[in-house]
Amino acid sequence: GGEEFLVVCSAKYPYDFSKTAEKINQVFRDEISVKSPTDGEVRQITCSVGYVQFPLYDASVELTLQNHVDLADQAMYMSKLSGRNTWHELVANKVPPSTFDVSKFCNDSQYGIDKNYIRIRAASNKTK
């Protein structure tokens, strides 16, 4: 039922985007609402943010731009599932040993979490 959009932020690497993610959430909470065309009720809009650093790993791991977008999308769904109006980041942990593992965790972040290639950082607890 919602819209998805991609934001690309440029900053000196490494950079902590959690403040940017929180600011985006805050603007949605404070500034954005919609009026129902049927009953006129004003409803607040929720915002679920998911992101990854680019590049996630150093040059030893080949991740495409699409891989990064897929991982950010998975992080966004983690935010949706945890109640919305929050952010989640997938953070590089351990370098995957093979292209198979890279491909696997880019399509299934839980695989990457289970293998300790990535970890989750979230607004509510900073690191999971």
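**Reading burial, sheets and cores**

Colleague: Leaving aside its neighbours within four places in sequence, which residues is S18 in contact with?

Modeller: Once those sequence neighbours are set aside, S18 is in contact with Y51, W87 and R121. Please keep in mind throughout that this is a predicted model. S18 belongs to helix α1, which covers residues 18–31, and because its relative accessibility is 7%, S18 counts as buried.

Colleague: Before we go further into details, how many helices and strands does the protein chain have, and what pattern does the chain follow along the sequence?

Modeller: The protein chain has four helices and five strands, and read along the sequence these follow the pattern α-β-β-β-α-β-α-α-β. Its C-alpha atoms fill a box of roughly 55 × 30 × 25 Å along the principal axes, and buried residues account for 35% of the 128 residues. If you take the contacts between residues at least 6 apart in sequence, 60% of them join residues at least 24 apart.

Colleague: How should I read the sheet, and in what order do its strands lie?

Modeller: The sheet is open, with three strands in the order β3-β4-β5 and mixed pairing. β3 (48–52) and β5 stand at the edges with a single partner strand each, so one side of each has no neighbour in the sheet. From one strand to the next the twist averages 20°. Within the sheet, β3 and strand β4 (residues 86–92) run parallel and are joined by five bridges; V49 stands opposite W87 in β4, and G50 stands opposite H88 in β4.

Colleague: What packs on this sheet, and what is the handedness of the β-α-β unit?

Modeller: Helix α2 packs on the sheet, where α2 touches β3, β4 and β5, and the direction of α2 makes about 145° with that of β3. Taken together, β3, α2 and β4 make a β-α-β unit that is left-handed.

Colleague: If β3 stands at an edge of the sheet, is β3 covered or uncovered on its two faces?

Modeller: The general idea comes first: in a regular strand, side chains alternate between the two faces of the sheet. In this case both faces of β3 are covered, with S48, G50 and V52 buried on one side and V49 and Y51 buried on the other. Five of the five residues of β3 are buried, so β3 is largely enclosed by the rest of the structure.

Colleague: How would I read a helix in the same spirit, and which residues of α3 are buried?

Modeller: An α-helix has 3.6 residues a turn, so residues three or four places apart point the same way. In helix α3 (residues 99–107) the buried residues are D101, V102, F105 and C106. These residues cover an arc of only 130° around the axis, which puts them on the same side of α3. The face turned away from that buried side carries the exposed residues T99, F100 and N107, while the cover over the buried residues of α3 includes α2 (65–81), α4 (109–114) and β5 (118–122).

Colleague: Where does S109 lie, and is S109 buried or exposed?

Modeller: S109 lies in helix α4, and because its relative accessible area is 8%, below the 20% limit for burial, S109 is buried. If residues up to four places away in sequence are not counted, S109 touches Q74, M78, L90 and I118.

Colleague: How do I read a nonpolar core, and which residues of the largest one touch the most other members?

Modeller: In soluble globular proteins, nonpolar side chains tend to be buried together. The largest nonpolar core here has 17 residues, of which L56, Y57, L63, L71, L90 and F105 touch the most other members. At least two residues of this core come from each of α2, α3 and β5, and α2 gives the most, with four residues. Apart from residues up to four places away in sequence, L63 touches L56, Y57, H68, V102 and C106. There is also a second, separate core of seven residues, among them F17, F28, C47 and W87.

Colleague: And what about a loop residue: where does K115 lie, and how exposed is K115?

Modeller: K115 lies in the loop between α4 and β5, and K115 is partly exposed, at a relative accessible area of 39%. From C-alpha to C-alpha, K115 and Y15 are 25 Å apart in space, while they are 100 residues apart in sequence.

Notes. Residues numbered from 1 in each chain as written. Predicted model: local features only at pLDDT ≥ 70, side-chain atom pairs only at ≥ 80, totals over all residues. Heavy atoms only, no water. Buried < 20%, exposed > 50% of the residue type's maximum accessible area, 1.4 Å probe, protein only. Arc of directions from axis to C-beta. Contact = heavy atoms within 4.5 Å. Pairing = 2+ DSSP bridges. Axes fitted to C-alpha atoms, helices over the stretch in contact; angles between N-to-C directions. Right-handed = clockwise from strand over helix to strand, strands pointing away. Core = buried A, V, L, I, M, F, W, Y, C linked by side-chain atoms within 4.5 Å.
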